[in-house]
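This briefing is meant to be read beside the sequence and the coordinates. Please keep both in view while going through the points below.

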Amino acid sequence: MTIKIGDRLPEGTLAEFIEVATDGCALGPNKFSVSDLVKGKKIAIFAVPGAFTPTCSAKHMPGYVQHAADFKAKGVDEIWAISVNDAFVMGAWGRDQKATGVVRLMADGNADFSKALGLSADFTKNGMGIRSQRYSMLVEDGVVKQLNIEAPGKFEVSNAETLLGQI
């Protein structure tokens, strides 16, 4: 069943490649509980089928990087990009996109979180396995407040401008 506005995010674990070690996070991939990460925060989330893929790199990520200050001005604490890639790939994509420190690059390596949301997609015919659908959502304290799911092969409603206009 697909998540909808008003639902609480499911339990899940996402991984993030940490560029600089801190007291709570070691350098390299770190795993985080989604419920812990969203507690008390307003988060803009967008998901892409794959890091380094054409639409994701040329259109999706750049919009969120470009509008990061606008999201912050509207009370958004964090912006997340979720993809069914490993944390190493997501970290490299963040560096490539100049998104490190602006957007949190969250890896859903086995698509477990995407499946729990009901937003996984089968890209096996393209040799890419199970991935995430393209979507955006606004989450407040773990509850979905806005949700924009793209039709297959489209990039029309999950862009930064649309989500920003819904806040």
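What follows describes a predicted model, beginning with strand pairing and moving on to a buried lysine, loop residues and nonpolar cores.

**Strand E8 and its partners**

- Strand E8 (135–140) pairs with E3 in the antiparallel sense over six bridges, and it is also joined to E9, again antiparallel, by six bridges.
- On the E3 side, Ile-43 has Val-139 of E8 as its bridge partner.
- On the E9 side, Ser-136 stands opposite Asn-148, while Met-137 stands opposite Leu-147.
- E8 is mostly covered, since five of its six residues are buried.
- In a regular strand, the side chains alternate between the two faces of the sheet.

**The E8–E9 turn**

- E8 and E9 form a hairpin in which two residues lie between the strands, and the second of these strands, E9, spans 143–149.
- Asp-141, which sits in this turn, has a positive phi of about 50° although it is not a glycine.
- Is Asp-141 buried or exposed, or does it fall in between? With a relative accessible area of 39%, Asp-141 is partly exposed, because that value lies between the 20% and 50% limits.

**Lys-42 in strand E3**

- Lys-42 belongs to strand E3, and it is buried yet has no salt bridge.
- The nearest side chain of opposite charge is that of Glu-140, which is 4.0 Å away from Lys-42.
- The side chain of Lys-42 does, however, reach the backbone oxygen of Lys-74 at 3.5 Å.
- Leaving aside neighbours within four places in sequence, the residues in contact with Lys-42 include Gly-75, Val-76, Asp-77 and Glu-78, together with Leu-138, Val-139 and Ile-167.

**The loop between E3 and H2**

- The loop between strand E3 (42–48) and helix H2 (54–66) holds Phe-52, and Gly-50 is placed in the same loop.
- Phe-52 has a phi near 70°, a positive value in a residue other than glycine.
- How do these two loop residues stand with regard to solvent accessibility? Phe-52 counts as partly exposed at 42% relative accessibility, whereas Gly-50 counts as buried at 0%.
- Gly-50 and Arg-131 are separated by 81 residues in sequence, but their C-alpha atoms are 7.3 Å apart in space.

**Nonpolar cores**

- The largest nonpolar core has 23 residues, and those with the most contacts inside it are Phe-71 and Val-103.
- Elements giving two or more residues to this core are E3, H2, helix H3 (68–73), strand E4 (78–83), helix H4 (87–96), strand E5 (104–107) and helix H6 (160–165).
- A second, separate core of 22 residues includes Trp-80, Ile-82, Met-106 and Leu-117.
- Apart from its neighbours within four places in sequence, Val-103 is in contact with Phe-46, Met-61, Tyr-64 and Val-65, as well as with Ile-79, Trp-80 and Ala-81.
- Trp-80 is thus named both among the contacts of Val-103 and among the members of the second core.
- In soluble globular proteins, nonpolar side chains tend to be buried together.

Note on methods
Residues are numbered from 1 along each chain as its sequence is written. This is a predicted model: local features need pLDDT of at least 70, side-chain atom pairs count only at pLDDT 80 or more; totals for chains, interfaces and linings use all residues. Side-chain values use heavy atoms; hydrogens and water are left out. Helices (H or I, at least four residues) and strands (E, at least two) are DSSP runs, numbered from the N terminus. Buried means under 20% relative accessible area, exposed over 50%, partly exposed in between (1.4 Å probe, protein chains only). Two strands pair if DSSP finds at least two bridges between them. A nonpolar core is a set of buried Ala, Val, Leu, Ile, Met, Phe, Trp, Tyr and Cys residues joined through side-chain atoms within 4.5 Å. Contact means heavy atoms within 4.5 Å. Lys and Arg count as positive and Asp and Glu as negative; His and the chain ends are not counted. A polar contact is a pair of N or O atoms within 3.5 Å; within protein, one must be able to donate a hydrogen and the other to accept it, and residues adjacent in sequence count only if both atoms are side-chain atoms.
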